[in-house]
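Here are my notes on the ligand site and the internal space in this one. Have the structure open while you go through them.

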Amino acid sequence: MQIYINNLTFAYGIKTVLKNLSLTLNQGDYLVIKGKNGSGKSTFIKCLLGINEVKPNAIFYDQKDITEFKSWTDFGYVSQSFDEFNYEFPITVSELLSVSSAKGVSHQMRLKLLDQMRIFDIQNQNINSLSGGQLQRVFIVRAMLNNPKVLILDEPTASIDKQNKEFFYHTVDQLNKEGITIILITHSDEISHLNYTHILDMYGDLTNDFSVRKNSMEGSVQQ
Ligand SMILES: Nc1ncnc2c1ncn2[C@@H]1O[C@H](COP(=O)(O)OP(=O)(O)OP(=O)(O)O)[C@@H](O)[C@H]1O
């Protein structure tokens with residue numbers, strides 16, 4: 001698996017948000033995207049997922065231009081807010097996961113993921129009775145059901161406490177060690193304990209105020 005971003009420029013109307021962004025991610029890489037409100041983090045993810053329409057020759061997934069892409073099943077996405085979700089809907093964790101599963105996802109697979117995320121015990125609980133941290137883990141399980149090669153997490157720890165944060169980052173490390181490419185958006189400056197391989201730092205109000213670095217001693221800059 002490879003994501004190749006080649007001088008990506010993206011504008012909403014006349015407002016350019018991303019300019020000449022280049023980056024290559026290979027299988028098992030772990031990219032942290034950091035930056036303040038409005039710096040373009042979500043815009044970048046939306047380009048990657050085909051939600052924002054980009055020009056041809058800007059983003060390639062496994063050598064294929066994403067403008068020609070039809071299937072996004074290799075990508076799992078957990079959004080920053082669960083606002084789109086109707087919490088009042090009377091549905092249990094288990095029911096939610098079975099309706100979200102693609103064909104071919106076995107019950108055993110769901111149980112394994114629930115266990116891995118330490119939410120096995122709450123599978124028969126109504127989703128509206130869960131804490132923010134539990135709900136977040138349910139959504140990660142949901143994203144993992146299709147066995148994605150790339151897992152995108154948009155500000156995943158915004159509404160959870162310190163203990164759950166540590167568990168969460170540990171789980172992300174585990175998934176990454178299993179070979180899943182991670183793209184994690186964060187506001188937080190507390191990234192020194194994350195085992196990322198690359199960082200995309202969007203630090204300014206001005207377009208093109210960003211840097212891409214590898215998390216290694218040689219500090220190679222790819223921009
Ligand atoms: N659909 C849209 N139409 C027009 N402008 C938009 C749209 N979505 C985002 N923007 C603008 O693009 C810029 C980047 O927004 P984006 O949501 O990518 O930032 P962000 O870094 O993800 O912010 P946050 O940390 O608040 O989530 C902002 O100035 C925002 O107002």
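1. A residue counts as near the ligand here if one of its heavy atoms lies within 4 Å of it. Keep in mind that this is a predicted model. There are 14 residues around the ligand, and Asn 37, Gly 38, Lys 41, Ser 42 and Thr 43 come nearest.

2. Now the polar contacts. An oxygen atom of the ligand sits 2.5 Å from an N or O atom in the side chain of Thr 43. With Ser 42 the partner is a polar backbone atom, 2.8 Å from a ligand oxygen. Lys 15 brings in its side chain, with an N or O atom 3.2 Å from an oxygen of the ligand.

3. How much of the ligand does the protein cover? On its own the ligand has 630 Å² of accessible area, and the protein covers 63% of that.

4. Strand E2 (15-26) and helix H1 (41-48) are the elements that give two or more residues to the shell around the ligand. H1 has the largest share, 3 residues. By class, the shell holds 8 polar, 4 charged and 2 nonpolar residues.

5. On to the cavities: a search of the whole structure turns up 1 of 30 Å³ or more, and the largest cavity has a volume of about 30 Å³. Its lining is made up of Ser 94, Leu 97, His 107, Arg 110, Leu 111, Leu 114 and Gln 123.

6. Two or more residues of that lining come from each of helix H2 (93-100) and helix H3 (107-116), and H3 gives the most, with 4 residues. The lining has 3 nonpolar, 3 polar and 1 charged residues.

Methods:
Residues numbered from 1 in each chain as written. Predicted model: local features only at pLDDT ≥ 70, side-chain atom pairs only at ≥ 80, totals over all residues. Heavy atoms only, no water. 1 Å grid on protein atoms, 1.4 Å probe; cavity = no way out; pocket = protein on both sides within 12 Å on 5 of 7 lines; lining within 4 Å. Points joined across faces, edges and corners; volume = space filled by probe spheres on them. Nonpolar A, V, L, I, M, F, W, Y, C, P; charged D, E, K, R; others polar. Polar contact = N/O pair within 3.5 Å; in protein donor to acceptor, adjacent residues only side chain to side chain. Areas by Shrake-Rupley, 256 points an atom, 1.4 Å probe, with all protein chains shown as cover.
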